[in-house]
Amino acid sequence: AAGPFGRVLQRMGLEKPAPTTHAVDRVDLSIKRGEVVGLVGESGCGKSTLGRMVAGLLPASDGQVLLSGKPIGELSAEERKAARLRVQMIFQDPYASLNPRLRVDRIVGEGALLHGLTDRAGSDDYVSAQLQRAGLDPSLRHRYPHQFSGGQRQRIGIARALAVQPELLVCDEAVAALDVSIQAQILNLFMDLREELGLTYLFISHDLGVVEHLSDRVVVMYLGRVVESAPVDELFEHPAHPYTQALLAEIPRLDVRRTKFQTIRGEIPSPLAPPSGCHFHPRCPHVMPRCKVEAPTLRGIAINHVSACHLHDGT
Ligand code: SF4
Ligand code: MG
């Protein structure tokens, strides 16, 4: 097997009640090289925390992040620096992550210069190439972030990430703040870059409709736990978990397949005090008595398809 490219293991609170709150709980996620994994769930479900763990920005308190099979914690300082470059994050609000006092050429070129991927003499051409790749006119490279539109700023953020030659992009709600037409452009750009550079993606979104067109596999999280994971077509054709079914029913378009599912009811509970048993039970149309006391575990229900719900018992 090709082996996982990045892997996060979290084992929390299995034997006894966890003394602290964990935004991400018992998650085992692996991403193969070249794969696009969509990670979905409502805001507050722990998607961003998991994304930051994968990017090495947050340590896993109990558990580990493996890169090409090697725990990040066991890498030498030199290896860790290289590993951090291999994984780059693209955030929802590019403006907040762009230094307003720096011109675009500095913003995009800084990381590459620091890590010796280009030198002062070659930096201008190097930056122009990255901007071009991200679909921005390189002649704009002497401008400041405030002189660009939201979509252009996201392209600057993408050019900055590409400049350090990453292998995995963790996109956290990367198109959520953009107009629908601009969203489509940026999503197309991600797919073009995948072809051109062989990039791997962890694509985090609250919107199942956004991840549908670019993911090979979709992982659904609810209150810090993975509740379902399947290849994208399988997930859309045969969603198994009531939460996934509710998310599908909420995609705003006409599709008879989905009208058989109920939309989600109620607000997402606080992750500080998640409901007992199955975290989804207060909102679930299929709730049974045992759901309130017993947390379901992920089980295989089809090839590469797992779901955590007591409804799958005995089927
Ligand atoms: Fe609903 Fe129970 Fe399944 Fe949770 S375990 S999703 S409450 S049926
Ligand atoms: Mg988030």
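In the predicted model, Leu223 occupies the loop that links strand 9 (217-222) to strand 10 (225-231). These two strands form a hairpin with two residues between them, and they pair in the antiparallel sense over six bridges. Within this pairing, Arg217 stands opposite Pro231 of strand 10. Although Leu223 is not a glycine, its phi is positive, near 45 degrees. The residue counts as buried because 23 C-beta neighbours lie inside 10 Å, the threshold for burial being 20 or more.

Strand 9 is itself mostly covered, with six of its six residues buried. Burial extends to both faces of strand 9: Arg217, Val219 and Met221 lie on one side, and Val218, Val220 and Tyr222 lie on the other. Besides its antiparallel pairing with strand 10, strand 9 is joined by four bridges to strand 3 (residues 36-40), and the two run parallel. In this parallel pairing, Gly38 has Val218 of strand 9 as its bridge partner.

A second non-glycine residue with a positive phi is Glu173, for which the value is about 50 degrees. Glu173 is placed in the loop between strand 7 (168-172) and helix 6 (180-197). With 20 other C-beta atoms within 10 Å, Glu173 is buried, since 20 or more such atoms suffice for that class.

The largest nonpolar core comprises 68 residues, and those with the most contacts inside it are Leu39, Ala159, Val170, Leu202 and Phe203. Helix 5 (residues 150-163) supplies the largest share of this core, namely six residues. In soluble globular proteins, nonpolar side chains tend to be buried together. Apart from neighbours within four places in sequence, Ala159 is in contact with Val108, Gln130, Leu131, Arg133, Ala134 and Leu136.

Helix 5 consists of 14 residues and spans 20 Å from its first C-alpha to its last, close to the 20 Å expected at 1.5 Å a residue. Of these 14 residues, 13 are buried, and helix 5 is therefore largely enclosed by the rest of the structure. After helix 5 comes Gln165, which has a positive phi near 55 degrees.

Around ligand 1 there are 13 residues, of which Cys278, His281, Cys284, Cys291 and Cys309 come nearest. By class, this shell contains ten nonpolar and three polar residues, and no charged ones.

How values were computed
Residues are numbered from 1 along each chain as its sequence is written. Chains are lettered from A and ligands numbered from 1 in the order in which they are written. This is a predicted model: local features need pLDDT of at least 70, side-chain atom pairs count only at pLDDT 80 or more; totals for chains, interfaces and linings use all residues. A residue is near a molecule or strand if its C-beta atom, placed from the backbone, lies within 6 Å of it. Ala, Val, Leu, Ile, Met, Phe, Trp, Tyr, Cys and Pro count as nonpolar, Asp, Glu, Lys and Arg as charged, and the others, Gly among them, as polar. A nonpolar core is a set of buried Ala, Val, Leu, Ile, Met, Phe, Trp, Tyr and Cys residues joined through C-beta atoms within 7 Å. A residue is buried if 20 or more other C-beta atoms lie within 10 Å of its own, exposed if 12 or fewer, and partly exposed in between; C-beta atoms are placed from the backbone. Two residues are in contact if their C-beta atoms, placed from the backbone, lie within 7 Å. The expected span of a helix is 1.5 Å times one less than its number of residues. Two strands pair if DSSP finds at least two bridges between them.
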